[in-house]
Amino acid sequence: MAYGLLKGKRGVISGALNEQSIAWKVAALAHGEGAQIVLTNAPVAMRMGEIDNLAKATGSPIIPADATKDEDLGKLFAEAKQALGGPVDFVLHSIGMSPNVRKARAYNDLNYEWYKQTLDISAMSFHRMIQAAVKQDALADGGSIVALSYIAAQRVFAGYGDMADAKALLESIARSWGYHLGQQKRIRVNTVSQSPSKTTAGSGIKGFTGLFDFADAMSPLGNAPTEDCAAYIISLFSDLTRYVTMQNLYHDGGFSSTGATPMVVEKVSPEE
Ligand SMILES: NC(=O)c1ccc[n+]([C@@H]2O[C@H](COP(=O)([O-])OP(=O)(O)OC[C@H]3O[C@@H](n4cnc5c(N)ncnc54)[C@H](O)[C@@H]3O)[C@@H](O)[C@H]2O)c1
């Protein structure tokens, strides 16, 4: 059911690679809620061609941009402002990649060039994106900016490697920009910490299925589906959450507040 929550709003959505992507679900729902959007992804992601289907379904232009390149991001926001007919009310950062995780390099054997890439792609890109938008004067007063995070920023999940450090930085960047943009333009900045989800990025983590099943068994509501994550993000883009800022918001079926569940204890200690 659509509520018209984003009627008249303009947004930029990054990170829709295929139908499984969290950003894909956000884009589809934002369109359904009445927003006009611009889609963006790394030039290399364009070659897969799937984003074209989303662009057609939502009537949205695609502006390719590598989120580690300031020039691309400047162009993105200048062109988005033009294509949408004004400054943007919401921005989604849904970008993550670690060469160390991808190549299964353990945390005690990191390749530091790759580590820099992890931090650049998965965290610093959030700072770059916002700074580029500010420099292009492309953010509307009272807007909302959201990035996707994961609970490995707070607790150790061994297979998540250097992405944990990237998420911790990402959440800190959200707080810092949230302060500055809140004061200057009443723009709020938050991160949404999502349950493990079966996407291209998620499935790239070593032992992902085990992590997924563990989180599911540890969450009273079970793992949160990506469609519901999108719905939560839409609420953050809407005017219903105008005083929510500088927060890391868990969208995880209760995982982050659960200590132990009978299902998990039974697995560890079956005889009891
Ligand atoms: N899948 C999960 O389990 C999970 C859980 C919590 C948080 N997240 C986060 O959600 C976000 C979206 O991931 P997803 O799960 O939808 O997977 P996904 O693979 O569909 O999305 C990741 C996106 O990042 C883009 N990207 C990579 N390098 C880029 C660059 N240099 N410039 C621009 N874009 C680039 C990819 O093209 C892709 O579209 C990520 O930040 C991820 O860490 C995922």
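**Note on the predicted model**

1. Ala104 is partly exposed, since 13 other C-beta atoms lie within 10 Å of its own, a count that falls between the 12 or fewer of an exposed residue and the 20 or more of a buried one. The residue sits in the loop between helix 5 (99-102) and helix 6, and its phi is positive, about 55°, although Ala104 is not a glycine. As this is a predicted model, a reader may wish to look at that backbone in the structure above.

2. A second residue that deserves a look is Arg186, which lies in the loop between helix 7 and strand 5. Its phi is near 55°, again a positive value in a residue other than glycine, and with 14 C-beta neighbours inside 10 Å Arg186 counts as partly exposed.

3. Turning to the sheet, six strands are arranged in the order 2-1-3-4-5-6 as an open sheet, and their pairing is parallel. Strand 2 (36-40) and strand 6 (248-251) are the edge strands, each of them pairing on one side only, while neighbouring strands are turned against each other by 20° on average, direction ignored.

4. Within this sheet, strand 1 (residues 10-14) pairs with strand 2 in the parallel sense over five bridges, and the bridge partner of Ile13 in strand 2 is Leu39. Five of the five residues of strand 1 are buried, so strand 1 is largely enclosed by the rest of the structure. Arg10, Val12 and Ser14 point one way from the strand, whereas Gly11 and Ile13 point the other way, and all are buried; the burial of strand 1 therefore applies to the residues pointing in either direction.

5. Two helices can be described by the strands they lie across. Helix 1 (residues 22-32) lies across strand 1, strand 2, strand 3 (88-93), strand 4 (139-149) and strand 5 (188-194), and runs at about 165° to strand 1. Helix 4 (residues 70-84) lies across strand 1, strand 2 and strand 3, with an angle of about 150° to strand 2.

6. Glu79 has its place in helix 4 and is partly exposed, because 17 other C-beta atoms are found within 10 Å, short of the 20 at which a residue counts as buried. Glu79 and Asp141 are 62 residues apart along the chain, and their C-alpha atoms are separated by 19 Å.

7. Arg188, by contrast, lies in strand 5 and counts as buried, with 25 C-beta neighbours inside 10 Å. Setting aside residues up to four places away in sequence, Arg188 touches Ser144, Gly178, Gly182, Val244 and Thr245. From C-alpha to C-alpha, Arg188 and Gly142 are 7.4 Å apart in space, although 46 residues separate them in sequence.

8. On the packing of helices, helix 6 (residues 112-135) and helix 7 (residues 163-185) meet at an angle of about 10°, with their axes 8 Å apart; that makes helix 6 roughly parallel to helix 7. Helix 6 contributes Thr118, Leu119, Ser122, Ala123, Phe126, His127 and Ile130 to the contact, and helix 7 contributes Met163, Asp165, Ala166, Leu169, Leu170, Ile173 and Trp177. By class, the residues of this contact divide into 10 nonpolar, three polar and one charged.

9. The last point concerns the ligand, around which there are 27 residues, with Ser21, Gly96, Thr199, Ala201 and Gly202 coming nearest. The residues of this shell divide into 13 nonpolar, 13 polar and one charged. Helix 1, strand 4 and helix 8 (200-203) each supply at least two residues of the shell, and the largest share, three residues, comes from helix 8. Helix 1 thus appears twice in this note, as a helix that lies across five named strands, including strand 1 and strand 5, and as one of the elements that supply the shell around the ligand.

Conventions:
Residues numbered from 1 in each chain as written. Predicted model: local features only at pLDDT ≥ 70, side-chain atom pairs only at ≥ 80, totals over all residues. Pairing = 2+ DSSP bridges. Helix = DSSP H or I, 4+ residues; strand = E, 2+ residues; numbered from the N terminus. Axes fitted to C-alpha atoms, helices over the stretch in contact; angles between N-to-C directions. Contact = placed C-beta atoms within 7 Å. Near = placed C-beta within 6 Å. Nonpolar A, V, L, I, M, F, W, Y, C, P; charged D, E, K, R; others polar. Parallel < 35°, antiparallel > 145°, perpendicular 65-115°, else oblique.
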